[in-house]
Amino acid sequence: MPEDANQDELELELQAALGSVIVGVSGYTDRHVVAAQQRVVELCDKLGDSRTTFHAIFGLWLFHSGRSELNHARSAAERLATIAEAENDSFLMSLASHAVGMSAFSSGEFEKARTALLRAIQLGEVAQPHWQS
């Protein structure tokens, strides 16, 4: 493996850990969280790690939702849905549908919110054995 890829993987691990620590200490809306999560997304995109990208973008969605930055939250939710569909993973699709639904609800798009949240529930029931094991 090239040295640059090794450095990127190491930085990815460190940035992901840093983001988790900041969330634990200061919460999802700390400005340092978004910097760490954005860097994780950049590295994941470079390395082709879509599952880690999903989790980092979910963190960004929480950040933007918590700060009522609705356009950014909606954009993150839509990217989550795209990744989840590409992965064809019912657990990720459930989380993405939750994000889409809550973003729509916060924006006053109640029918879209209802549809997405019902889908999140249905997908969560399908994925339940996946995350309970």
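**Exercise 1. Classify Ser68 and Asn88 by accessibility and backbone angle.**

Solution. Ser68 has a relative accessible area of 56%, so Ser68 is exposed, the cut-off for that class being over 50%. The model is a predicted one. Ser68 sits in the loop between helix H3 (50-66) and helix H4 (70-87). Its phi is near 55°, a positive value in a residue other than glycine.

Asn88 is handled in the same steps. Its place is the loop between H4 and H5. With 62% relative accessibility, Asn88 counts as exposed. The phi of Asn88 is near 55°, again positive in a residue that is not glycine.

**Exercise 2. Check the length of helix H2 and describe its two ends.**

Solution. Step one is the span. Helix H2 covers residues 31-47, which is 17 residues. The expected span is 1.5 Å times one less than the number of residues, so H2 should span 24 Å. The end C-alpha atoms of H2 are 25 Å apart, which agrees.

Step two is the N-terminal end. Asp30 caps it, with a side-chain oxygen 2.7 Å from the backbone nitrogen of His32.

Step three is the other end. Gly48, just after H2, takes a positive phi of about 75°.

Step four is burial. The buried residues of H2 include Val33, Val40, Leu43 and Cys44. Gln37 is also one of the buried residues of this helix.

**Exercise 3. Which salt bridges involve residues of H2, and how do their partners lie along the chain?**

Solution. The count for the model comes to 9 salt bridges. Within H2, the side chains of Glu42 and Arg39 meet at 3.0 Å, N to O. Both residues lie in H2, 3 residues apart, about one turn of the helix. In an α-helix there are 3.6 residues a turn, so residues three or four places apart point the same way. Glu42 is partly exposed at 47% relative accessible area, and Arg39 is partly exposed at 27%.

A second bridge, between Arg79 and Asp45, has an N to O distance of 2.9 Å. This pair links distant parts of the chain, with Arg79 in helix H4 and Asp45 in helix H2, 34 residues apart. Arg79 is partly exposed at 32%, and Asp45 is partly exposed at 44%.

For a bridge with other residues, take Glu69 and Arg67, whose side chains meet at 3.4 Å, N to O. Salt bridges that share partners join Glu11, Arg39 and Glu42 into one network.

**Exercise 4. Classify the aromatic pairs by the angle between their ring planes.**

Solution. The count comes to 2 aromatic pairs. For Phe58 and Trp61, the ring centres are 5.4 Å apart and the planes stand at 40°, so the pair is tilted. The two residues are 3 apart in helix H3, separated by about one helical turn. Both Phe58 and Trp61 are buried.

For Phe105 and Phe110, the ring centres are 5.4 Å apart and the planes stand at 65°, so this pair is edge-to-face. The cut-off for edge-to-face is over 60 degrees.

**Exercise 5. Place Phe105 and Phe110 on the surface.**

Solution. Phe105 lies in helix H5 (residues 90-106) and is partly exposed, with a relative accessible area of 46%. Phe110 counts as exposed at 52%. Together with Met102, these two residues make a nonpolar surface patch of about 300 Å².

Another residue of H5 is Ser97, which counts as buried at 5% relative accessibility. The side chains of Ser97 and Arg119 are joined by a polar contact of 3.3 Å.

Notes. Residues numbered from 1 in each chain as written. Predicted model: local features only at pLDDT ≥ 70, side-chain atom pairs only at ≥ 80, totals over all residues. Heavy atoms only, no water. Patch = residues over 30% accessible without salt bridge, like charges linked within 9 Å, V, L, I, M, F, W, Y side chains within 5 Å. Areas by Shrake-Rupley, 256 points an atom, 1.4 Å probe, with all protein chains shown as cover. Salt bridge = Lys/Arg side-chain N within 4 Å of Asp/Glu carboxyl O. Helix = DSSP H or I, 4+ residues; strand = E, 2+ residues; numbered from the N terminus. Buried < 20%, exposed > 50% of the residue type's maximum accessible area, 1.4 Å probe, protein only. Polar contact = N/O pair within 3.5 Å; in protein donor to acceptor, adjacent residues only side chain to side chain. Phe/Tyr/Trp six-rings, centres within 6.5 Å; stacked < 30°, edge-to-face > 60°.
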